[in-house]
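The following note is offered to a colleague who is examining this entry. The points concern a pocket and two helix packings.

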Amino acid sequence: VMPPKSQYVAIDCEMVGTLIGKSVCARVVLVDWKGRTVLDEYVKPAETVTDYRTFVSGITQEQLQQAPTLDEVRPKVQAALAGKILIGHGLNNDLECLGVEHPWHMIRDTALYEPFMKLHYGQLNPRKLKDLAQERLNRQIQEEGKAHSPAEDALAALDLYKSHRPRWEACMTAQIKEGQRLLVE
């Protein structure tokens with residue numbers, strides 16, 4: 001049985017570089033199954049920003065000056081994710097920069113989905129979202145010289161998921177059953 005479409009949300013974060021060499025969240029976007037924006041928030045980093053990565057992130061100093069802090073944005077993200085299946089690309093990075101946890105069985109990460117990965121010297125490796133969108137959706141995202149759009153990236157991950165949904169959910173159901181079986185033993 002497929003989860004209802006209302007149970008899905010896709011996410012992407014844009015990050016900036018800080019003095020301590022760490023990437024921190026500067027913007028978070030969540031979209032629903034139909035691609036409508038559920039949340040779009042700039043986030044004012046607690047650390048000093050040394051690299052806005054504007055050419056990639058689209059983030060400017062001005063956008064962050066009056067932005068809420070991560071402590072103010074995090075509860076909104078958690079509320080939007082509560083009980084939802086989360087879709088994205090490289091979700092560990094997004095969840096880590098937000099300081100948010102999500103149950104493994106409620107995650108659909110297009111970077112870690114085997115049919116989307118490439119075999120390299122016997123190892124499965126994640127591929128770039130840009131390449132997957134081009135090959136599988138015939139869609140150009142993250143174009144040279146243009147800033148990334150977190151909404152566009154979240155939508156690309158969502159559409160990649162949709163293209164494999166029945167198979168992906170069958171795999172997840174098997175993994176969940178296996179996990180339950182292991183707990184019982």
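1. For the classes used below, Ala, Val, Leu, Ile, Met, Phe, Trp, Tyr, Cys and Pro count as nonpolar, Asp, Glu, Lys and Arg as charged, and the others, Gly among them, as polar. It should be kept in mind throughout that this is a predicted model.

2. The largest pocket has a volume of about 480 Å³. Its lining comprises 18 residues, and those closest to the pocket centre are Asp 12, Cys 13, Gln 142, His 148 and Asp 153. By class, the lining of the largest pocket holds 7 charged, 7 polar and 4 nonpolar residues.

3. Which elements each supply at least two residues of that lining? They are strand S1 (8-18) and the helices H1 (54-57), H4 (91-98) and H5 (129-137). The largest share, 4 residues, is contributed by S1.

4. Helix H5 also packs on helix H6 (residues 150-184), at an angle of about 50 degrees and with the two axes 10 Å apart. Angles from 65 to 115 degrees count as roughly perpendicular and those under 35 degrees as roughly parallel, so H5 is oblique to H6. The crossing of H5 past H6 is left-handed.

5. On the H5 side, the contact is formed by Leu 129, Leu 132, Ala 133, Arg 136 and Leu 137. On the H6 side, the residues are Asp 153, Ala 156, Ala 157, Asp 159, Leu 160 and His 164. This contact of H5 with H6 divides into 7 nonpolar, 1 polar and 3 charged residues. Asp 153 belongs to this contact and is also listed among the residues closest to the centre of the largest pocket.

6. Helix H4, which helps to line the largest pocket, packs with helix H3 (residues 70-81) at an angle of about 130 degrees, their axes being 10 Å apart. Because angles count as roughly antiparallel over 145 degrees and as roughly perpendicular from 65 to 115, H3 is oblique to H4.

7. In this second packing, Leu 70, Arg 74, Val 77 and Leu 81 of H3 meet Leu 95, Cys 97 and Leu 98 of H4. How does the contact of H3 with H4 divide by class, and how many of its residues are charged? There are 6 nonpolar residues, no polar ones and 1 charged residue.

Conventions: Residues numbered from 1 in each chain as written. Predicted model: local features only at pLDDT ≥ 70, side-chain atom pairs only at ≥ 80, totals over all residues. Heavy atoms only, no water. 1 Å grid on protein atoms, 1.4 Å probe; cavity = no way out; pocket = protein on both sides within 12 Å on 5 of 7 lines; lining within 4 Å. Points joined across faces, edges and corners; volume = space filled by probe spheres on them. Axes fitted to C-alpha atoms, helices over the stretch in contact; angles between N-to-C directions. Left-handed = near helix turned anticlockwise from the far one by under 90°. Contact = heavy atoms within 4.5 Å.
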